[in-house]
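Morning, everyone. I have one chain to walk through today. Let me put it on the screen.

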Amino acid sequence: MTEIKLIDWLQRQPGTKGIGDDCFIYSDLVFTTDMMVEGVHFEQTDAPEAVGYKTLARGLSDIAAMGATPRFCLLSLAVPAWANDAWVKRFYKGLLKLGVPLTGGDLSHASQLVCDIMVCGQVAQGKALRRDGAMPGDHIYVSGELGANARDHFKRPPEPRLALGRKLIGKATACMDLSDGLSLDLHRLCIASGVAADLEAIPVAKGATLDQALHGGEDYELLFTSKTPLRLAGIKRIGTIRKGKSGAIRLDGKPLKPAGYDHFR
Ligand SMILES: [Mg+2]
């Protein structure tokens, strides 16, 4: 089962609500959770400050994707025997560097280290950026070059695009953050909006390959669409939304398969 199929199944179950965007919107608040697992998202040899920082920064990238401002976070941490007190303290120091109040959480032990963050953000009611508003003819943008993190073996700390997200309120018709690779994330945005897309120009980071820019993942840039051309520092126009089979993407006229990272594949 793929992540898309599982989410699609969940969305159809009675008792679920609002699943499928970067955050769940409740009145003027948005909520996201993000999990980091030893051996999947980081290694024992990584600096604990970097693991703590990345845990929260990934959640903040989802807050940025909604155009929201982070207000507080809660963290659950399961600690294995190899992680001593000093490791745990350095982990929290790294997380707190981002300046978002940590207001609680849970502690447990486990055979591998797992950390799960919940972040709450705030945005004017009814104004949050969503994935499902892209329309045929919209311009597609990304907030920066892609593939740098895949090129650097995923050791680059995410830089959540919070300021840009806020600027896109009222301008972007759809927005999400790029966590699993452009090909898969644009596919998800197109499915949510019921549209297809044509990619024309991919901004590949220096030293990265086109493959890494399309499918590498962990770019933590914003992917967004707009009815009118946008002129904002650093953003790159990469294509056009079109009518067609929901989720279908073409690059230079040829079909592009969504080949980014899927935990369930
Ligand atoms: Mg996201």
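Start with an open sheet of 7 strands, with mixed pairing, in the order β7-β9-β6-β10-β8-β11-β12. Strands here are DSSP E runs of at least two residues, helices are H or I runs of at least four, and both are numbered from the N terminus. Two strands pair if DSSP finds at least two bridges between them. The edges are β7 (172-177) and β12 (254-255), and each pairs on one side only.

A word on the model. It is predicted, so local features need pLDDT of at least 70 and side-chain atom pairs count only at pLDDT 80 or more, while totals for chains, interfaces and linings use all residues. Residue numbers run from 1 along each chain as its sequence is written.

Back to that sheet. Strands β6 (residues 139-142) and β10 (residues 236-242) run antiparallel, joined by 4 bridges. Ile140 stands opposite Gly239 in β10. Helix α2 packs on this sheet, where α2 touches β7 and β9. The direction of α2 makes about 175° with that of β7. For such angles, axes are lines fitted to C-alpha atoms, for helices over the stretch in contact, and the angle between N-to-C directions runs from 0 to 180 degrees. Contact means that C-beta atoms, placed from the backbone, lie within 7 Å.

Now the other open sheet. This one has 5 strands, ordered β1-β2-β5-β3-β4, with mixed pairing. β1 and β4 (102-109) are the edge strands, each pairing on one side only. From one strand to the next, the twist averages 20°. β1 and β2 are antiparallel and share 3 bridges. Phe24 faces Phe31 of β2 across that pair. And here is α2 again: the helix lies across β2, β3 (69-79) and β5 (114-122), at about 145° to β2.

On to domains. The assignment gives domain 1 (22-122) and domain 2 (139-255). Those bounds come from an automatic or database domain assignment. Taken over C-alpha atoms, the two centres are 24 Å apart. How many residues of each domain are in contact with the other? 15 from domain 1, and 15 from domain 2. On the domain 1 side, α2 (residues 48-65) gives the largest share, 11 residues. By class, that side has 8 nonpolar, 3 polar and 4 charged residues. The classes: Ala, Val, Leu, Ile, Met, Phe, Trp, Tyr, Cys and Pro are nonpolar; Asp, Glu, Lys and Arg are charged; the others, Gly among them, are polar.

Next, the largest nonpolar core. It has 63 residues, and Met66, Cys175, Cys190, Ala197 and Leu223 touch the most other members. A core is a set of buried Ala, Val, Leu, Ile, Met, Phe, Trp, Tyr and Cys residues joined through C-beta atoms within 7 Å. α2 provides the largest share of this core, 8 residues. Each of the two domains supplies at least three. Cys175 touches, among others, Ala65, Leu129 and Phe224, leaving aside residues up to four places away in sequence.

Last, two backbone oddities. Ser27 has a positive phi near 55° without being glycine. Ser27 sits in the loop between β1 (24-26) and β2 (29-37). Tyr220 also has a positive phi, near 55°. Its loop joins α7 (210-215) and β9 (222-226).

Buried or exposed? Ser27 is exposed, because just 8 other C-beta atoms lie within 10 Å. Tyr220 is buried, because 25 C-beta neighbours lie inside 10 Å. The cut-offs are 20 or more other C-beta atoms within 10 Å for buried, 12 or fewer for exposed, and partly exposed in between, with C-beta atoms placed from the backbone.

Methods:
Contact = placed C-beta atoms within 7 Å.
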